[in-house]
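User: Please go through this model with me, setting each label against the criterion behind it.

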Amino acid sequence: MAAQEPSPPSSLEGNKPGFPKKILANKLEDKHLCNICLKILRRPFQAQCGHRFCSYCFNKAVSSGPQKCSACIKEDIFEEPTSILKQGCAFPDNAAKREVEALEAVCINEECSWTGTIKEYEANHEGKCDFRILPCPSCKELLRANELERHNERECPERTLNCKYCKEPFHFKNIKAHDEICPKYPMICEGCAKKKIPREKYVDHIKLCTKFRTPCRFHVVGCDMTVEKEKIHDHEQACSYKHLNLLLHFIMGIKVNLESLQPQSLELASHKVHELHQSLRELEQKMGQLSGAGAPVQGACALLPPPPAPTLGTSFTPLPTAVGAALELQLHSEKTKVAELSRRCQELELKVSTFENIVCVLNREMERSATTMEAYNRQHRLDQDKIEILNNKVRQLERTVGLRDLSIVEMEAKMREMSAATYDGVFVWKISDFSKKRQDAVAGRAPAMFSYNSFYVLIFLRLMLIKAAFICSKIQ
């Protein structure tokens, strides 16, 4: 489909070039062709020379001025001024128009089965055929007219969609990029698994979500656990000993670094002061030699005290020269640096002492936690003992229930045996206290007599009736 050429535009809104030759169902005649576009005449005009042209082609040709008729030149019948095409020298050829409009036509679009006249084609089918080829306004792909709407809605990579969350428009090809920044895009909390949280409210949800997993507060000293917010307190209590060890190692490492750093810094500063002292003596000697007063200067140098042991309070006599002043400034700068290092060392020592106090507090907290843990352990042991006692009682009850079940099974077996037993003989009913019951009967009192066998027979009959009622209900 994409390799086909687009269909020509409709001509009802204004003058257009001629009809394509392919629309004719019958043989094409030369008299029906425009002499400029070489297509079937559309609204034909006839010039003075007798040749016919489409109204659109003629007006376009003479719009820039009079033109020579190409058909006259081709047929070698050119004659002025008859063969000169210009405005007002041509008239609508209605006879040719009716003749052309009556020609049989078919649709030039592939798979379209429309047939009719050229007049019907221009009025009802041209520009309306569902099989005409049109370019997509967005991606420029050539498609049939009946497929263009579906293409624009579902297939075009350049189509514009509205986000179903924030309602903002975006191109389909940018859908993934938009989902990454959409403020209304639904997120899922990794902690509580709550769904459909807008991205703009996700951060606020995380701050309040008690199920969201966050790093332990002691991760800076080495604890790599991630715990739910609601369980952070339990984690800190359970791992307080581990946290104390991590914190102690961290603080001791800082202390060791500070202890190793301070002597090195002071030694380095003292070494620099010593080097400056030697450089100053050498410069004074050179200056004395250059000024011609070497002896006094050498004597002055000799009077200088030897470089003392590394100390921070060394001072020198300023020289009257620019070099001496520069050296004095450099020495002052070094003293300032040494003082700054001393100040930083003092601050680090203060921090170390603060950390040591924190460790002491944590040790006390650890002791309290250990005491609480011991109490919990005792209570746990008591609970375990109670659970064991209750388990023994449950086992005893289970044995009792088992014995009762056995008794019931035995009674059911006896019932089945009695229900299945048959007797072929004379039923003898022994009546106890016969003389007393006879006297009661003579006196008009109804004596009460019963038999264990009849009692069991009644129970059996009742069971059979219940079974029969159940079978009938199932049949229904």
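**Labels and their grounds**

Analyst: Over residues 34-72 the chain is 28% helix and 23% strand, with the end C-alpha atoms 13 Å apart. The UniProt annotation "domain: RING-type", from an unreviewed entry, covers residues 34-72, and the model itself is predicted.

User: Why is Glu122 called buried?

Analyst: The relative accessible area of Glu122 is 8%, and buried means under 20%, so Glu122 meets the criterion. Within helix 4 (residues 118-125), the buried residues are Ile118, Tyr121, Glu122 and His125. They cover an arc of only 125° around the axis, which puts them on the same side of helix 4, while Lys119 and Asn124 are exposed on the other side.

User: What covers the buried residues of helix 4?

Analyst: The cover includes helix 3 (94-101), strand 6 (104-106) and strand 7 (115-117).

User: What makes Glu122 and Arg43 a salt bridge?

Analyst: Their side chains meet at 3.0 Å, N to O, and the criterion asks for a Lys or Arg side-chain nitrogen within 4 Å of a carboxyl oxygen of Asp or Glu, so the pair qualifies. The pair links distant parts of the chain, with Glu122 in helix 4 and Arg43 in the segment before strand 1, 79 residues apart. Arg43, at 30% relative accessibility, counts as partly exposed, because that class lies between the 20% and 50% limits.

User: How do you know that the salt bridge of Arg144 with Glu111 ties together separate parts of the sequence?

Analyst: The closest N and O atoms of Arg144 and Glu111 are 2.9 Å apart. Arg144 lies in strand 9 (residues 142-144) and Glu111 in the loop between strand 6 and strand 7, so the pair joins parts that are 33 residues apart in sequence. Arg144 has a relative accessible area of 10% and is therefore buried, whereas Glu111, at 54%, counts as exposed, since exposed means over 50%.

User: What makes the buried residues of helix 1 lie on the same side?

Analyst: In helix 1 (residues 55-62), Ser55, Cys57, Phe58 and Val62 are the buried residues. They cover an arc of only 165° around the axis, which puts them on the same side of helix 1.

User: Which residues touch the most other members of the largest nonpolar core?

Analyst: Of its 26 residues, Ile40, Phe53, Phe58, Cys69, Leu85 and Ile118 do so. The largest share of this core, three residues, comes from helix 1. Leaving aside neighbours within four places in sequence, Phe53 has contacts that include Phe58, Cys69 and Leu85.

How values were computed: Residues are numbered from 1 along each chain as its sequence is written. This is a predicted model: local features need pLDDT of at least 70, side-chain atom pairs count only at pLDDT 80 or more; totals for chains, interfaces and linings use all residues. Side-chain values use heavy atoms; hydrogens and water are left out. UniProt positions are given in the numbering used here, feature names are shortened, and annotations may be inferred rather than shown by experiment. Helices (H or I, at least four residues) and strands (E, at least two) are DSSP runs, numbered from the N terminus. Buried means under 20% relative accessible area, exposed over 50%, partly exposed in between (1.4 Å probe, protein chains only). The arc is that of the directions from the helix axis to the C-beta atoms. Contact means heavy atoms within 4.5 Å. A nonpolar core is a set of buried Ala, Val, Leu, Ile, Met, Phe, Trp, Tyr and Cys residues joined through side-chain atoms within 4.5 Å.
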